[in-house]
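Biologist: Could you take me through the pocket in this one, slowly and in plain words? I'd like a close look at that part and at whatever sits around it.

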Amino acid sequence: MENQMKKIVMFLAVVTASVAYAFSPDTTVWLAKPARSFIESTPLGNGRLGAMDFGGIEEERVALNEDSLWSGSVQEADRTNAAAALPEIRRLLLEGKNAEAEKLVNHNFTCAGRGSANGHPGEVPYGSYQVLGDLWLKFAYADTNEATGYRRELDLATATEHTEFLRGGVKFTRDIFVSAPDQVIVMRLMADKPGRLDFEAMLDRPERFQTEAVGNNELLMTGAMTNGAGGEGVKYAARLRVLNTGGKVSAAAGKIFVSGADEVVLFVSAATDYERFAKMSCRDVAAAARKDLAAAVKKDFAQLLAAHTADYQTYFNRVKLELAATNSDISAKSTPERIAAKDLANDPSLAVLYFNFGRYLLISSSRPGGMPANLQGLWADTVSPPWGADYHLNVNIQMIYWPAEVCNLTELNEPLFAYIESLQAPGAKTAKDYYGAHGWVAHVLANAWGFTSPGESAAWGLTPSDAAWLCHHLWEHWQFTGDREFLKRAYPVLRGSAEFFSDTLIEEPSHHWLVTAPANSPENAFTMTNGQTAHVCLGPTLDNQLLRFLFGACCEAADVLGVDKEFAAGLKAKRDRLPPTRIASDGRVMEWLEEYKEPEPTHRHVSHLWGLYPGTEISTTATPALAAAARKSLDVRGDKSTGWATAFRMAMWARLHDGDRTFKLLENLLQPAGGRGTDYVGAGGGTYPNLFDAHPPFQIDGNFGGTAAMAEMLVQSQAGEIELLPALPSAWPTGKVSGLRARGGYEVGIKWQGGRLVSVAIRNVSGDGACKVRYGRKVVELKLQKGEQRNLDAGLQ
């Protein structure tokens, strides 16, 4: 009897130690049933380790990820004879024979072998990001009753997930988080009556694995990816440790068996031997996973949770957006129900939730020392995710990092910066092999192995300006932070990219402009006067805008650092000869050097408007005619598109200061996704039940693009001044935001009511002290010491 009483007391202590969850429609993503598929599961991550919880009752699945688990290997993807074909390709283009030039590109100027665009990417050296494996929990219950009261919540404020349901008079709960301080996935299972936890646990994956028991409470899963060339590639190890309170635990035949437990805590650790630019790799993967696990299990659940929450909130709590409260009858509904309602105007909290979800995803998928977030961020549940979940460079990886600066997550850029630096060496080889040029280059396809060759088709793979677009992120970091040491680090990358284009520009005959050749306007086609459809061209507008930026940034950086005066002078001269952004006879911005007809006027890419966003050469004030042409271009492109393309349009409308049109695009972005199959036209674009963006299929860049565009609605700073509420929609008459960042090194907080500014707080984080603040036509100049904050009223007084 005494032992029984002790057990009950211990059990009650465990129950009262449950995690406290505060529901908020702004920060809670919740679902009322277990996930039937990946797009209903819950994403968690610490930048390196990821988990997708399906929340099953009879059988629980947690898809596991490690950010460097790639198949494939370094490959010789450059064609050895490519440069020899370049003069003929250019001759044909200069003579207007684009279709003939395109055939020659396909035969001589694409990559050697295959990239990831078609087939099973794991079968080729290019490789693919892959699921690490699955944690399976198969439960045995004392009754056969159906579960009731099911609720699965992701709390964005703490990066924790809580699941609960009732069965047979017992309340079962599960809590999951992925700890960056302790580098483990932690899952706690509880029941409100003692001895009710009975299950078996397994680790597996679709292929290339073996699982063995280690002692009586641990599993070790090991294996190696294919290198795509008939051998082994990246090696990995994952460990599961089970710690129980009450009951019994045993292990056999690659499984762990738990019976009669009151509480169980599961720990998962993982490691790979990937050894390129990411800094968390190791050679003995089993030992590395064991080390992380051994350290974590010495701490109790509360300690682990506290460290995880504190670490995560150093990022998440920097920014806070508040809009008018949603009616509780609406906000209390599950997230899929709120999405399905298509009533964003009456559910402003859903917009805030989406904004916060984008910040959450970036914090969870990109941390210093790790890999950059890929097309699926950190999360995959197969060995063959769409497009290999790689690093497409013609908008996608860039869009993933658009929120980083403006949403005060600047450190999370570090994996991208390290990745860009890692492309210089292979990119220098590609520059020489294809163009006979100095410097470095990269095209649309990019992976974990330094792939920089053109893609496998002339229709989409020939975008050398993607390297310049990557450099824009380096420059933006300098613009936002003023970090001179970073500029010293970034300058060789900028210079190398500029050197490549300086070597490769050619003169076109009509206006004697300097243009790229050959090139694509990303993934788009045009119709020649002879009726032929072509993709390969001279100097598309995107390239001209990007090179204007790149050459200008390189010259400015050289001046700041006091280096390369002669090189900078040469760049300036060539910059002056780049084709200007022009307006066609129909009033739209021209996408190509000629006014070609478009086979697909509503194409998903809007690359020729890069100068509007994320670039700065098109604005409503400095270039009103171009802004009007950009508006007409967007009107013709249309508001219906793929998820990421909708987010891109949304940011552009924000730059055009059209808040209501931007809001309309946000409504489109948050419409229920139409399907999971690949759709390039965009009929199914939108949002999945778990808030993941739908291309479709799932592609995470739209989540980040939407978050960045919402920030652009509230603060812009690209024109040399901090502009307040530049694209405030009528649907958001009241609200406040704090912590957004502006170029020049400033932090901004804004309050508004009735659609008008009430107050603003400007804090100098790292600026030189002088800044302009604009609200409508009112402008004030401030001088602030570092660390100083100035509070202004609606009149900017």
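Modeller: Here is the pocket, then the enclosed space, then the cysteines.

First, some ground rules: this is a predicted model, in which local features need pLDDT of at least 70 and side-chain atom pairs count only at pLDDT 80 or more, while totals for chains, interfaces and linings use all residues. Residues are numbered from 1 along each chain as its sequence is written, and side-chain values use heavy atoms, with hydrogens and water left out.

The mean pLDDT (the predictor's confidence in each residue, from 0 to 100) is 94 for the protein, and 95% of the residues reach 70 or more. Residues 1-18 stay under 50. Where pLDDT is low, the predicted coordinates should not be read in detail.

Now the pocket. On a 1 Å grid over the protein atoms alone, a pocket is an open set of points with protein on both sides within 12 Å along at least five of seven lines, a cavity is a set where a 1.4 Å probe fits but cannot get out, and lining residues have an atom within 4 Å of a point. The largest pocket has a volume of about 730 Å³, counted as the space filled by probe spheres set on the points. Its lining has 31 residues, and the closest to the centre are Trp475, Gln479, Glu556, Gln718 and Arg743. Helix 15 (541-561) supplies the largest share of that lining, 6 residues, and helix 13 (466-481) and strand 29 (770-775) each supply at least two. (Helices here are DSSP runs of H or I, at least four residues, and strands are runs of E, at least two.) By class, you get 9 nonpolar, 13 polar and 9 charged residues; Asp, Glu, Lys and Arg count as charged, Ala, Val, Leu, Ile, Met, Phe, Trp, Tyr, Cys and Pro as nonpolar, and the others, Gly among them, as polar.

Helix 13 turns up again in the largest cavity, where it gives the most to the lining, with 4 residues. That cavity holds about 170 Å³ of space. Of its 14 lining residues, Trp402, Glu476, Phe480, Tyr613 and Arg743 lie nearest the centre. The lining divides into 6 nonpolar, 3 polar and 5 charged residues.

As for the cysteines, there are 0 disulfides, a disulfide being a pair of cysteine sulfur atoms within 2.5 Å. Cys554 can't make one because its closest cysteine sulfur, in Cys555, is 6.4 Å away, too far for a bond. Cys554 is also buried, at 1% relative accessibility, where buried means under 20% relative accessible area with a 1.4 Å probe, protein chains only.

Key
Contact means heavy atoms within 4.5 Å. Buried means under 20% relative accessible area, exposed over 50%, partly exposed in between (1.4 Å probe, protein chains only).
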